[in-house]
Amino acid sequence: MELKQIVLRLARNEGYPKGDRDQGYVITAPLNADAKLDVDAWREAKKHCTVKRFHPDDELAADGLLTHRGSHWYFHYDEDGEGPDEPLYRLADHQLLHGSYVTIAHGEDADPLTYQVDDIRSVKI
């Protein structure tokens with residue numbers, strides 16, 4: 001099975017007028033022909049569907065899994081103190097193409113931030 005490795009980098013947001021290329025996520029997941037997350041393929045390969053949050057502050061970096069409940073996608077982390085799963089705003093509706101945007105709420109009290117798809121590569125499992 002082929003999965004995609006999708007790199008998201010922090011886009012322009014309040015407090016980040018130029019974005020920040022050193023903050024973001026690397027998601028490994030299946031995409032369908034429309035460049036949307038493929039929930040059926042995810043069910044078959046979910047143990048390989050991962051997320052890595054990168055950040056200049058090592059305390060804010062984390063490794064986890066891409067999870068799906070109902071019609072929503074989440075980032076799930078096992079580390080103590082990571083808090084609840086990070087919801088991905090309407091990710092099922094988004095085409096994940098180079099240059100497209102995704103909104104992620106990091107932490108319980110944090111405002112959602114917008115990220116831009118910076119790179120997409122194929123990976124074999």
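# Notebook: loop, strands, salt bridges and a pocket

**Entry 1. Leu-96.** I began with Leu-96, which is found in the loop between β6 and β7 (101-104). The model I consulted is a predicted one. I looked up whether Leu-96 is buried or exposed. With a relative accessibility of 4%, Leu-96 counts as buried, because the cut-off for that class is under 20%. I then listed its contacts, leaving out residues up to four places away in sequence. Leu-96 touches Ile-6, Leu-31, Ala-35, Leu-37, Leu-91, Val-102, Val-117 and Ile-120. For one of these partners, Leu-37, I also noted the C-alpha distance to Leu-96, which is 7.9 Å. Along the chain, Leu-96 and Leu-37 are 59 residues apart.

**Entry 2. The chain as a whole.** I next asked how many helices and strands the protein has. I found 1 helix and 8 strands. In sequence order, I read the pattern as β-β-α-β-β-β-β-β-β. The radius of gyration is 14 Å, close to the 14 Å given by the globule rule for 125 residues, so the protein is as compact as a globular protein of that length. I recorded the span of the C-alpha trace along the principal axes as about 40 × 30 × 25 Å. Of the 125 residues, 38% are buried. Turning to contacts with a separation of 6 or more, I noted that 49% of them come from residues 24 or more positions apart.

**Entry 3. Thr-67.** I located Thr-67 in strand β4. Its relative accessibility is 17%, and Thr-67 therefore counts as buried, since the limit is under 20%. Beyond residues up to four places away in sequence, I found that Thr-67 touches Trp-42, His-72, Trp-73, Tyr-74, His-76 and Asp-85. Asp-85 appears again in the next entry, where it forms a salt bridge with Arg-69.

**Entry 4. Salt bridges.** Side chains of opposite charge can pair when their charged atoms come close. I looked up how many salt bridges the structure holds. The count comes to 9. I followed several of them in turn.

Asp-85 and Arg-69 form one salt bridge, with their closest N and O atoms 3.0 Å apart. This pair links distant parts of the chain: Asp-85 lies in the loop between β5 (72-77) and β6 (86-88), and Arg-69 lies in strand β4, 16 residues apart. I noted that Arg-69 is partly exposed, at 42% relative accessible area.

Lys-52 and Asp-63 meet through their side chains in another salt bridge, at 3.5 Å from N to O. Here too the pair links distant parts of the chain, with Lys-52 in strand β3 (residues 50-54) and Asp-63 in strand β4 (residues 62-69), 11 residues apart. I recorded Lys-52 as partly exposed at 43% relative accessibility, and Asp-63 as partly exposed at 45%.

I also looked for a linked group and found that Arg-9, Arg-21 and Asp-118 are joined in a network of salt bridges.

**Entry 5. Glu-2.** I found Glu-2 in strand β1. Its side chain meets that of Lys-4 in a salt bridge, at 3.5 Å from N to O. Glu-2 is partly exposed, with a relative accessible area of 40%, and Lys-4 is partly exposed, with 23%. Apart from residues up to four places away in sequence, Glu-2 touches Ser-122, Val-123 and Lys-124. I checked Glu-2 against His-98 as well: the two are 96 residues apart in sequence and 18 Å apart in space, C-alpha to C-alpha.

**Entry 6. The second largest pocket.** Rolling a probe the size of a water molecule over the atoms shows where empty space is left. I turned to the second largest pocket, which holds about 190 Å³ of space. Which residues lie nearest its centre? I found Arg-9, Leu-10, Ala-11, Arg-12 and Gln-116 there, out of 14 lining residues. Arg-9 was already in my notes as a member of the salt-bridge network.

I then asked which strands each supply at least two residues of the lining. They are β1 (2-10), β2 (20-29) and β8 (113-124). Strand β8 gives the most to this lining, with 3 residues. By type, I recorded the lining residues as 4 nonpolar, 4 polar and 6 charged.

How values were computed: Residues are numbered from 1 along each chain as its sequence is written. This is a predicted model: local features need pLDDT of at least 70, side-chain atom pairs count only at pLDDT 80 or more; totals for chains, interfaces and linings use all residues. Side-chain values use heavy atoms; hydrogens and water are left out. On a 1 Å grid over the protein atoms alone, a cavity is a set of points where a 1.4 Å probe fits but cannot get out, and a pocket is an open set with protein on both sides within 12 Å along at least five of seven lines; lining residues have an atom within 4 Å of a point. Grid points are joined across faces, edges and corners, and a volume is the space filled by probe spheres set on the points. Helices (H or I, at least four residues) and strands (E, at least two) are DSSP runs, numbered from the N terminus. Ala, Val, Leu, Ile, Met, Phe, Trp, Tyr, Cys and Pro count as nonpolar, Asp, Glu, Lys and Arg as charged, and the others, Gly among them, as polar. A salt bridge is a side-chain nitrogen of Lys or Arg within 4 Å of a carboxyl oxygen of Asp or Glu. Buried means under 20% relative accessible area, exposed over 50%, partly exposed in between (1.4 Å probe, protein chains only). The radius of gyration is taken over C-alpha atoms; the globule rule is 2.2 Å times the number of residues to the power 0.38. Contact means heavy atoms within 4.5 Å.
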